[in-house]
Amino acid sequence: MLPLSAWAQLEQTTRIEIPTHDLTNEQFDMFSLGDRGALMVIRRSEYLGNRNEKWIFTKYDTELKVVWTEEYSMDFRYIPVMSYQNANYAYWLFAEPDTDHFLFLQLDLEQGHIDTHRGTLLANVNVNQFKVIGSKALVAGYYRSRPVVIVHSFFDHTTRVLPGLFERNMEINNVDVNEVDGLINVITYAVKKRECVFAIKTYNYEGKLLKTTTLKDPDNSLISGQIVPLNPEDSYLIGNYSVGCTPFSQGLYVTHIEDNVPEEPNFIEFSELQNFFNFMKPKRRQRVLDRIGKRKSMGKENKFRYRLLVHNLIQMEDEIVLVAEVYYPNYKTNSPAMFNGLSRQYMRSMDGFRYTHAIVCGFDRDGNFLWDNCITIKDLTSFELQEMVQLTPIDDYFLLAYPQDGNIHTEVIRREKVVVENEKYEIEAKSESEKVMYNENATLTAWYDKYFLAYGIQRVSTSKNAPVGAPQREVFYVNKFTYNTEDIGKPKPQASTRKASGSKR
């Protein structure tokens, strides 16, 4: 369906800048706190002098004004592994390499108070998930190539390993914490006797295994799953699936689990989605759809080779929204190596991940599939596999946005309909008289309501017409953006690429 004649406006309303320092090694990060503000974290270490690393935590309100600042000197022997955030606290997990020593830093998001907890876990654990429930930390990963979930109590400093997980050929798909009911759900994936088995192991707050829910299908293999709890004994599981135990997604699924018994999943093949292939050019898209239709008419299965990065589900009052980015590994061919002066071997190496598009799907509270849409992502590559597209509900719309090369791309949908096509906005400097000379790929995060945060490193010249080599200052910037939907339905301006308007100086 063609988009409506419409346009909307991304407005850069507030900007703060933190000057970088040449004589220190610095890393910057931002965390959304929703309508309670945002948290900036600066890691700073000097090349000379104190070997400890200074961590500076600053909370800002929704106008990007400082609420409080706290500092912590981190023992140089510890390196950061992972962070986790819930409604009241932010946590960081640190490890001392080649030992079993771990440190947990707990930051009170309201007052800024810092507590640390030291623990002894397992040496050389390859950690891939870290979460906290109550006063207990959950550290999930692999120890000697087998999965483990370690529970460390901040209260009495005891450590235990959750039972029933330390098995060969098993992978941990997700660790889900249900703080309301005090439950820990570990979602696992295993291949047993050439059969793919997807299971949910449910533990109580004390770490006792309460039940195991096994999900398997003779034709399809579940790749990922997220739990939507209705009550302690009733929930939905939503994720993506493949065919034949491969990592390539065939589509999405939703299944209802009641009293530990899963119903037969509802599988939704990509070809059944109305807008999945809209990222393709029209002629190619039609050829693909014709080929899919022809195979179906002949009774043949369609097999797709898409990789999906599935985001955390967005749970609204009467709707559940799934966002997933489609990507593929990007390789480059290096110069050939010579052997005996005759043969050449061309080497391929990993060169990040390239994104093609993101899909958005809606489900009702009964687990029924309602609608789908997509946003095309052009020429976007990241060296780390990370979420790029941000989604936020505004009025009766959903705004999709992603950063690229110092710009923000946006698209507005009303469920299955595109109401504002892709628009591109430049991330501006603080003053109209300044010019951005260099811009690292920005990070974009949905903040709250109709507001976004964009942040990163820029080099800025003090003159709009500055020549090459003119004096510049390098800053870590944070820009607050507002997306106004009041103009949707009005005639669209001719320019399709413009600066975000209305910046406050």
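# Strands, cores and cysteines

Reader: In strand 9, which residue is the bridge partner of His101?
Author: In this predicted model, His101 has Thr120 of strand 9 as its bridge partner.

Reader: How many bridges join strand 8 to strand 9, and which way do they run?
Author: Strand 8 and strand 9 are joined by 7 bridges and run antiparallel.

Reader: What is the strand order in that open sheet?
Author: The order is 6-7-8-9, an open sheet of 4 strands with antiparallel pairing. Strand 6 (79-85) and strand 9 (114-120) are the edge strands, each pairing on one side only. On average, neighbouring strands of this sheet are turned by 20° against each other, direction ignored.

Reader: Before I go further, what pLDDT does the protein average?
Author: The average is a pLDDT of 90, and 91% of the residues score at least 70. Over residues 1-5 the pLDDT is below 50. That stretch has 9 contacts in the model beyond near neighbours in sequence.

Reader: OK. Strand 12 next: why is it largely enclosed?
Author: Strand 12 covers residues 146-153, and 7 of its 8 residues are buried, so the rest of the structure largely encloses it.

Reader: How many bridges join strand 11 to strand 12?
Author: There are 8 bridges between strand 11 (residues 136-143) and strand 12, and the two run antiparallel. One pairing is Gly141 with Val148 in strand 12.

Reader: And which residue in that hairpin takes a positive phi?
Author: Arg144, with phi near 55°; the hairpin of strand 11 and strand 12 has 2 residues between the strands.

Reader: What about strand 12 and strand 13, how many bridges?
Author: Strand 12 and strand 13 (residues 159-161) are joined by 3 bridges, again antiparallel. Ile150 stands opposite Val161 in strand 13. This hairpin has 5 residues between the strands, and His157 takes a positive phi near 65° there.

Reader: Switching to packing. Which residues have the most contacts inside the largest nonpolar core?
Author: They are Phe104, Phe130, Val139, Val149, Leu162, Ile184 and Val186, in a core of 33 residues. Strands that each supply at least two residues of this core include strand 11, strand 12, strand 14 (170-178) and strand 15 (183-192).

Reader: Which strand gives the most to this core?
Author: Strand 11, with 6 residues.

Reader: What is Val186 in contact with, leaving aside neighbours within four places in sequence?
Author: Among its contacts are Val149, Leu162, Leu165 and Ile172, along with Asn174 and Tyr203. There is also a second, separate core of 26 residues, which includes Val228, Tyr236, Phe270 and Phe304.

Reader: Now cysteines. Which residues does the disulfide join?
Author: The structure holds 1 disulfide. Cys196 is joined to Cys245, with an S to S distance of 1.3 Å.

Reader: What parts does the pair tie together?
Author: Cys196 is in strand 16 (residues 195-203), while Cys245 is in the loop between strand 20 (234-243) and strand 21 (251-258), so the pair ties together parts that are 49 residues apart in sequence.

Reader: Cys196, buried or exposed?
Author: Cys196 counts as buried because its relative accessibility is 9%. Cys245 is at 29% and counts as partly exposed.

Reader: How far from Cys361 is the nearest cysteine sulfur?
Author: It is that of Cys374, 9.9 Å away, and Cys361 is in no disulfide. Cys374 is in no disulfide either.

Reader: And where do Cys361 and Cys374 stand on relative accessibility?
Author: Cys361 counts as buried at 0%, and Cys374 counts as buried at 5%.

Conventions
Residues are numbered from 1 along each chain as its sequence is written. This is a predicted model: local features need pLDDT of at least 70, side-chain atom pairs count only at pLDDT 80 or more; totals for chains, interfaces and linings use all residues. Side-chain values use heavy atoms; hydrogens and water are left out. pLDDT is the predictor's confidence in each residue, from 0 to 100. Contact means heavy atoms within 4.5 Å. Buried means under 20% relative accessible area, exposed over 50%, partly exposed in between (1.4 Å probe, protein chains only). Two strands pair if DSSP finds at least two bridges between them. A nonpolar core is a set of buried Ala, Val, Leu, Ile, Met, Phe, Trp, Tyr and Cys residues joined through side-chain atoms within 4.5 Å. Axes are lines fitted to C-alpha atoms, for helices over the stretch in contact, and angles run from 0 to 180 degrees between N-to-C directions. A disulfide is a pair of cysteine sulfur atoms within 2.5 Å.
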